[in-house]
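Reader: Could you take me through this structure? I would like to begin with the helices and the ligand.

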Amino acid sequence: MTTTPTTPSARAAHARHGYSSYQITLHWTVAVLVVVNWLIGGGMSQVYEAVQQGQSISQWGPAFVHICLGIAIFLIMLGRLAARLRRPVETAAGSKHHILALLGRLNHWAFYIVLLLMPPLGVLAWFFGIDAAGNLHSLLAWVLLLLVVLHVGGALLHLVLGENIIRRMVRPTAGT
Ligand code: HEM
């Protein structure tokens, strides 16, 4: 069980065991954007197919929103990666369940890889007509869904085991 420090010096010493408010804000922003972009991904696929078949498109909206949000996710993930490397944080710090914490660490890095790969692959498919990139993009969309299920499932499992690690992504510790 993680304890919350009360004095400023204890909070500073504790910083690496928790996320900064900047990291927490980026985490939840990406979470919302990924859900929205995932949900309009089907619309994007339809537009993409129609364009490939030379059909005239009346609804560019889903494609436009999908591209804008996808690029935003990519830029935010670069910011998250920079923050994560500048300010390393121990995954599930203080957890007694080491295997679960290790799986959590793998899950987090897999998110960085998948979310940094998907947007460039989408750009290659949409702007350069590289079909293989589109197929890989679609495949990674399902890998991403699996990662989200494992991510949420892992957090809930920690909770069932008496460790409220969700609090770590709600309450910031000192430092940016
Ligand atoms: C991390 C951000 C992104 C997420 C989570 C995401 C998610 C998705 C999803 C769920 C699909 C539907 C896949 C399917 O139906 O099997 C899709 C399709 C597609 N997305 Fe994205 N996307 C992202 C970024 C982008 C960006 C920046 C572009 C740039 C143009 C893009 C272009 C496309 C294209 C062209 C398709 C159709 C691929 C095909 O059907 O072969 N995506 N996306």
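Author: Helices (H or I, at least four residues) and strands (E, at least two) are DSSP runs, numbered from the N terminus. This is a predicted model, in which local features need pLDDT of at least 70, side-chain atom pairs count only at pLDDT 80 or more, and totals for chains, interfaces and linings use all residues. Residues are numbered from 1 along each chain as its sequence is written.

Reader: Which helix gives the largest share of the shell around the ligand?
Author: H5 does, with seven residues. At least two residues each come from H2 (21-39), H3 (41-52), H4 (61-86), H5 (98-128) and H6 (131-160).

Reader: Which residues come nearest to the ligand?
Author: Gly41, Gly70, Gly122, Gly134 and Ala141, of the 26 around the ligand. A residue counts as near if its C-beta atom, placed from the backbone, lies within 6 Å.

Reader: How do the shell residues divide by class?
Author: There are 15 nonpolar, 11 polar and no charged residues. Ala, Val, Leu, Ile, Met, Phe, Trp, Tyr, Cys and Pro count as nonpolar, Asp, Glu, Lys and Arg as charged, and the others, Gly among them, as polar.

Reader: Changing topic, at what angle do the axes of H5 and H6 cross?
Author: At roughly 155°, and the axes come within 8 Å. Axes are lines fitted to C-alpha atoms, for helices over the stretch in contact, and angles run from 0 to 180 degrees between N-to-C directions. That makes H5 roughly antiparallel to H6, a term for angles over 145 degrees.

Reader: And what is the make-up of their contact by class?
Author: The contact of H5 with H6 has 18 nonpolar, eight polar and one charged residues.

Key. Angles under 35 degrees count as roughly parallel, over 145 as roughly antiparallel, 65 to 115 as roughly perpendicular and the rest as oblique.
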